[in-house]
Amino acid sequence: MSLSDAVPDKIKIAVLPLSPVDQNTLCEHIGRGLTYDLISRLSCRKELSVRSFGTVKNIDTNALEHSELRRMLDIEYMAEGKYKLENDSLILYMKLTHFPGGNEIHSKNYILPMDSLSSLPEIVARELVSEMRIKPDPAVKKISLSALTADPDAYRFYLEAVGSSPETAGEWLQCIALLEKSVSIDSLFEPAWTFLGHACLEYSGLVGGEKGLYSDAEENLLRALELNKESPDAAYYLASLYAKTGRPESSLELFSKWSVKYPGYSSFFSGLGYINRYAGKMEESIEAYRKSQLLDSSLANLVSSQMQILKSQIYMGNYAGAAASFGEVCNNLDKLDKKPDEKQLFYAGVINMYMKDTLEAVQLFDSAMLVKPLSVWTKFGQAYKAALTGNMPDLETLSKELESRDIMDGERRYRMVHFYTFAGKKHEALEHLELSVGKGFFNYPYIISDPLT
């Protein structure tokens with residue numbers, strides 16, 4: 001399918017975080033884990049465009065009205081639920097709301113023994129699909145319920161891992177340990193292998209280089225696809241892994257194949273945007289991200305995808321367009337009642353650096369440091385600041401510190417080319433350029449025209 005093809009009309013739905021009836025309960029992770037699992041099960045339905053777990057996981061459902069949630073998420077249907085534990089069973093009350101009227105069209109109580117909890121997400125997913133009057137695609141082979149259930153202890157570890165909402169490297173490492181316990185108990189439960197692969201990938205991205213678990217991530221994701229050949233989550237994480245580890249051709253092949261197979265899964269188009277930018281196809285990259293935005297026009301996705309479009313505009317030398325994109329990002333962040341994070345501020349600084357507004361660039365790089373001082377993006381920004389202000393000792397110190405992180409991502413590695421060029425060390429700059437290209441960032445049109453090199 002060409003990227004210029006029309007975006008298919010998909011039913012847009014969000015599953016809000018399932019919440020405990022008793023806010024003082026110690027089982028919040030169960031709700032987060034079940035929410036993730038339910039979203040994953042719905043994402044396998046080709047008729048749907050499902051808001052991602054990352055988009056909804058931090059939403060405070062008690063603080064927002066339905067009309068506000070609909071505006072934030074841009075959806076036609078919203079599923080939400082509350083649960084409580086009682087006599088070794090979980091009681092879940094689910095309801096489904098249809099917009100624009102905001103009418104409740106379905107509600108049901110589910111009561112399952114904790115030993116049977118792993119079957120709940122698929123049961124709920126199938127009933128929600130039925131209530132939305134969706135005609136199933138006859139070409140899609142329905143996965144048996146038994147393939148999506150797990151040993152009770154294995155599922156308990158899985159829910160604890162997914163529900164922990166890890167962010168730091170240490171938290172992801174704890175998550176990995178829980179998932180390894182899960183798959184050691186039940187080696188046939190695909191979702192645990194998928195999330196284990198995802199966790200290894202996230203951990204590797206945070207620690208960098210050989211300290212990461214990229215090979216483990218690949219092995220786990222391939223295992224997941226062996227167990228369930230229809231898992232879009234596993235395919236997405238595997239294609240992302242290939243992109244991050246210098247195998248762009250394999251990544252492009254997977255993203256292209258699965259974007260045809262699951263045309264409502266917006267992340268596949270984000271992946272196509274990502275890998276096309278690495279290959280120097282900026283127009284194709286922007287078009288793919290625009291397609292992602294049409295499928296998932298939630299404010300969160302509009303922010304993240306516009307930031308990616310902004311990068312292609314920088315590489316094309318369209319700095320005014322990149323600045324306008326950053327304005328769009330800030331506008332949507334404001335609607336979410338958020339401020340730019342350190343990565344977003346870093347890229348705003350890069351835009352101003354290319355526009356030769358040194359003072360504004362430096363101020364933005366310093367603003368990033370105030371948000372998150374130890375982030376790799378903050379370090380990149382401070383290195384650019386040192387270069388722009390002629391502080392060669394700081395530039396050398398920061399370059400060595402960044403080099404010690406053994407950055408795997410080719411696009412990030414390209415920053416080192418800039419730093420050593422600024423420092424007048426052409427040999428080191430060329431070494432990092434070779435590493436950058438070797439890790440998959442072969443954006444020739446940008447590299448050959450980059451004013452900074």
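**A first walk through the model**

Okay, let's start with the inside: of the 453 residues in this protein, 54% count as buried. Keep in mind that what you're looking at is a predicted model.

So, the overall picture. The secondary structure adds up to 21 helices and six strands. Take a box along the principal axes, and the C-alpha atoms fill roughly 70 × 45 × 45 Å. How does the radius of gyration sit against that of a compact globule? For 453 residues you'd look for something near 22 Å, and the protein has 23 Å, which agrees. As for the surface, the accessible part comes to about 19700 Å², and 52% of that belongs to carbon and sulfur atoms. One more on the chain as a whole: if you take contacts between residues at least 6 apart in sequence, 62% of them join residues at least 24 apart.

Now let's zoom in on a helix, H16, residues 358-371. Its 14 residues reach 20 Å from first C-alpha to last, close to the 20 Å expected at 1.5 Å a residue. Which residues of H16 are buried? They are Ala361, Val362, Leu364, Phe365 and Ala368. Look down the axis of H16 and these buried residues fall within an arc of 160°, so they line one face of the helix. And what covers them? The cover includes helix H15 (342-354) and helix H17 (376-388). Flip to the face of H16 turned away from that buried side, and you'll find Leu359 and Leu370, both exposed.

Next stop, a strand. His106 sits in S6, which runs over residues 103-113. Is His106 buried or exposed? Its relative accessibility is 10%, and buried means under 20%, so His106 counts as buried. Leaving out residues up to four places away in sequence, His106 touches Met94, Lys95, Leu96, Glu127, Leu128 and Glu131.

Last topic: cysteines. How many disulfides turn up in a search of the whole structure? Zero. Let me show you two of the cysteines. For Cys44, the closest cysteine sulfur is in Cys175, 19 Å away, which is too far for a bond. Cys200 also has Cys175 as the place of its closest cysteine sulfur, here at 9.0 Å, and that's too far for a bond as well. To put numbers on it, a disulfide needs the two sulfur atoms within 2.5 Å. Both cysteines are tucked inside, by the way: Cys44 is buried with a relative accessible area of 13%, and Cys200 counts as buried at 2% relative accessibility.

That's the tour, thanks for listening.

Definitions and conventions. Residues numbered from 1 in each chain as written. Predicted model: local features only at pLDDT ≥ 70, side-chain atom pairs only at ≥ 80, totals over all residues. Heavy atoms only, no water. Helix = DSSP H or I, 4+ residues; strand = E, 2+ residues; numbered from the N terminus. Buried < 20%, exposed > 50% of the residue type's maximum accessible area, 1.4 Å probe, protein only. Contact = heavy atoms within 4.5 Å. Expected span 1.5 Å × (residues − 1). Arc of directions from axis to C-beta. Rg over C-alpha atoms; globule rule 2.2 N^0.38 Å. Areas by Shrake-Rupley, 256 points an atom, 1.4 Å probe, with all protein chains shown as cover.
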